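Biologist: I would like to know what each term used for this model rests on. Please set every value against its cut-off.

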Amino acid sequence: MLRFVLRRLAAGAVLVAVITTVTFFLLYLSGGNIARRILGQQATAQTVQQKAHELGLDRPVLTQFGAWVSHAVHGDLGSSWFTGQTVTNAITSRLSVTLSLVISATVITAVVAVVLGIVAATRRGWADRVVQVLSVLGFAVPGFLVALGLVTLFAIDLHWFRPTGYTALTASPSLWLSSIALPVIALSLGGIAGVTAQIRGSVIDALRQDYVRTLRSRGLSEARVVYKHGLRNAAGPALSVLAVQFVGLLGGAVIVEEVFAIPGLGQVAVGATGQGDIPLVMGLVLATALIVVVLNLIVDLLQGWLNPKVRIR
Amino acid sequence: MIGSTYVYTKNPNYWNKSIQHYDKLVINVYQNTSTEVNAIKGGQVNGVNMIDNSANDTVKASGYTLYPHELDWTGLMLMDRTGKMNKALGNVDVRRAINYAINRAAMLKAVDANNGTVTGQIFPTTSPAYDKALDNAYPYDPAKAKQLLAQAGYPNGFTMTLPEINISGTTVYDLVKQYLGAVGITVSYQQVALNDAIAAILAPKYAASWFRLQEDPTAWQIANFSIDKNAVFNPFHADDPKVDTLVSTIQKGSDAQATAAAQQLDKYAVDQAYFDPWYRVASTFAADKNTTVVQQSDNAYPYLWNITPKG
C-alpha cells in the first residue's frame, strides 16, 4: 500500500511538473511584450524596459523558468503584478472559500444522487421515470440560472438566506451555512443529474447479477442486498464521475461566485487570466494540479476499499 | 480580501473626529448589476455606487434613496481630426454630419433609461465655459447630415471602424450603426476587451470611438485631457493654432481673460465637432433609509465624511 501511494505521488509530481512547464512556456511565449501589456501603450520605451527588468522579463525564458521553479519549491510563488499581493496569500485566502463550496456541493451531490439513483433502480416504473426527467432537467438548466432563481426566491423574497457575501465557518457557523446554502444547491444540481444517472445504471446492473439472486435466496433483507452489496459494487463508476465533478467545480464555480459575490478562486482566476497576471495564473495552475493529484490518489484508495479486485497487492 | 472585500476600522487617533461617522467600514466589490441589486434587496448595504442605471427603479422600490450625479459625458470621440487614419473624419463637415445624424434624446432613453441630460458640449454646467445654447447646436437632422456629407465629397457615405467595448451592453453600438447607416456611414466594429480598451483608443488604433469621459471642473483640465494637441484623448495630436492660443490664455490670462477664452474654446470645439457628445450621464449613488448622503461635484463617489447615519 505504501509503495502504491508513493508511486502515485511520484507520478503526480511528474504530472504537476509537466503541467506547470507547459503553462509557463505558453504564457511567456504567447507573443507580445508583457511589460508593455502591463503598462499600456502610453508608457515610454524606457519605462517599459525598466518594468521588464524589474520583473525579470529581460532574462532568457529558460532562466526565468528556472528561477520560478527554484522559488516555487521553497514555497515562494511570487507576487501579483497588479495588486502586489503574494500569490500564496491570494490563493490560500480564497482556497478555503472555494473548497467550502466544492466539498459541500460534492457531499450533497453524493448523498442526493445515491438516494435518487437507488430509488430509480429499485422502484422502477413511475419513480424511475420521474428521476430520469429530473436528471435531464438538471443537465439542461444552466447553473447560473438556477443560482439567480434561488437567490430571488429564498434570499430576497423569503429572507431565508443571505443573497450575497461569504462568512467563514470559523467566524460564524450559522452565517457560513446561510452564505453557502444557495450557491451549493446551484452547484450541486448538474452534478446530481450526472451521478444519479450513473448510480441508477450501475445499481440496475449490479442487482441483475447472480450473486444478488443468491443473497436473496439466502433470506437477506432487500435493504441489505441493495445497500450493503449492490450499492457497494455500483459505487465505483459513480465515484469516478464524482471526482470529475469535483475538479470541474473548482474552476466552474466562477459564475456562481459572481452571482453571490463570493470571493473564491474562480473569481481571481478570471481576473488574473484577463489581466495577464502571470505569477498568479501560474500559482493557480499549480494549486489546481496539486489538488487534482491528491484527489485522484484519494479516489484510487477509495476504489480499492470498495472493490477488493482492484486493490494493489 | 483583495478584489472582493476591504474592511477598515476607525483610527482612534485621527485629528478630526467630527467627520468619523462609523467605527467600521466594509467595502464589498460587486462585479455586476444583478449581484449589486441582490445585495440591496437583501438589505446588505447601507450605500452603493450603482454600476449602471438599469436597476434604478428596482433599487428605489426597495426603499433606497437615489442620489444622481452627472460627472461624465457620453457620445463619440471623433479623434482623427486631421484624417490620418480615416480621411473622411479629417473634414469638419463630416464630423458635423455625424453630430446631426444621431438622435441624442433617443440615445439617452434607450441606453441609460433617461438618466441624464442631453448635451452637445463636453464642458459641465458648472463650468463658466458652459453655454446652454450649444446643447442644441446639432439637433437631430439626418437630411442635414446627408447634405453635409455630400458637401464634403461623400454623397454615398464612407466606412468607419469603431471599437466595441463591453461596458454596458450592445444597445449603444446597435444604435450608432443604425443612425450613421441611415445617412450613409457604414460602421463596423472590432471587439475590444475592457482591460485593453483605453490602450487601444490611445494607441491610437481607431479613428473614433464611443466612450464615457469625465467633464472636468476647470477648462484647463478639459483642454489638457481632451482638446489640446498633447491632450490624453487627442491621440492623433491634432494641432490647431486657434486652440493653442485659447489654451494658452486659459493658462496664463487673467480670470476674465481665461473665462472668455474657455467660452470660446467650448464654442470652437463644438463648431469643429471634435466630439459628438449626446448626453451627460447620471451616475447614481443609492443609500438605505438609515443613511444620509451628500453628493459633491467632481467626484463619482461621495466622500466618506459625506456619508452619515441618520439620527
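Biologist: Which exposed residues does the face of H6(A) turned away from its buried side carry?

Modeller: They are Trp126(A), Arg129(A), Val136(A) and Ala140(A). A residue is exposed over 50% relative accessible area, buried under 20% and partly exposed in between (1.4 Å probe, protein chains only). The model is predicted: local features need pLDDT of at least 70, side-chain atom pairs count only at pLDDT 80 or more, and totals for chains, interfaces and linings use all residues. Residues are numbered from 1 along each chain as its sequence is written, chains are lettered from A and ligands numbered from 1 in the order in which they are written, and side-chain values use heavy atoms, with hydrogens and water left out.

Biologist: What makes the buried residues of H6(A) line one face of the helix?

Modeller: The residues in question are Ala127(A), Asp128(A), Val131(A), Ser135(A) and Gly138(A). Seen down the axis, they fall within an arc of 100 degrees (taken from the directions from the axis to the C-beta atoms), so they line one face. Their cover includes helices H5 (87–123) and H8 (173–207) of chain A, where contact means heavy atoms within 4.5 Å.

Biologist: How many residues does H6(A) have, and how does its reach compare with the expected one?

Modeller: H6(A) covers residues 125–140, which is 16 residues. Helices are DSSP runs of H or I of at least four residues, strands are runs of E of at least two, and both are numbered from the N terminus. From first C-alpha to last, H6(A) reaches 23 Å, close to the 22 Å expected. The expected span is 1.5 Å times one less than the number of residues.

Biologist: How many helices and strands does chain A have?

Modeller: Chain A has 13 helices and zero strands. Of its 313 residues, 44% are buried.

Biologist: Why is Ala253(A) called buried?

Modeller: Its relative accessible area is 0%, so Ala253(A) is buried. Ala253(A) sits in the loop between H10 (222–252) and H11 (254–259) of chain A.

Biologist: What is unusual to note about the phi of Ala261(A)?

Modeller: Phi of Ala261(A) is near 50 degrees, a positive value in a residue other than glycine. Ala261(A) lies in the loop between H11 and H12 (265–275) of chain A. With a relative accessible area of 15%, Ala261(A) counts as buried.

Biologist: Which residues does Thr35(B) touch?

Modeller: Ala261(A) is one of them; the others include Thr164(A), Glu258(A) and Tyr30(B), and residues up to four places away in sequence are not counted. Thr35(B) belongs to helix H1 (33–41) of chain B, and its relative accessible area of 1% makes it buried.

Biologist: Is Asn114(B) buried or partly exposed?

Modeller: Asn114(B) has a relative accessible area of 44%, so it is partly exposed. Its phi is positive, about 65 degrees, although Asn114(B) is not a glycine.

Biologist: At what angle do the axes of H8(B) and H9(B) cross?

Modeller: They cross at roughly 145 degrees and come within 9 Å. Axes are lines fitted to C-alpha atoms, for helices over the stretch in contact, and angles run from 0 to 180 degrees between N-to-C directions. The contact includes Trp220(B) of H8(B) and Gln251(B) of H9(B).
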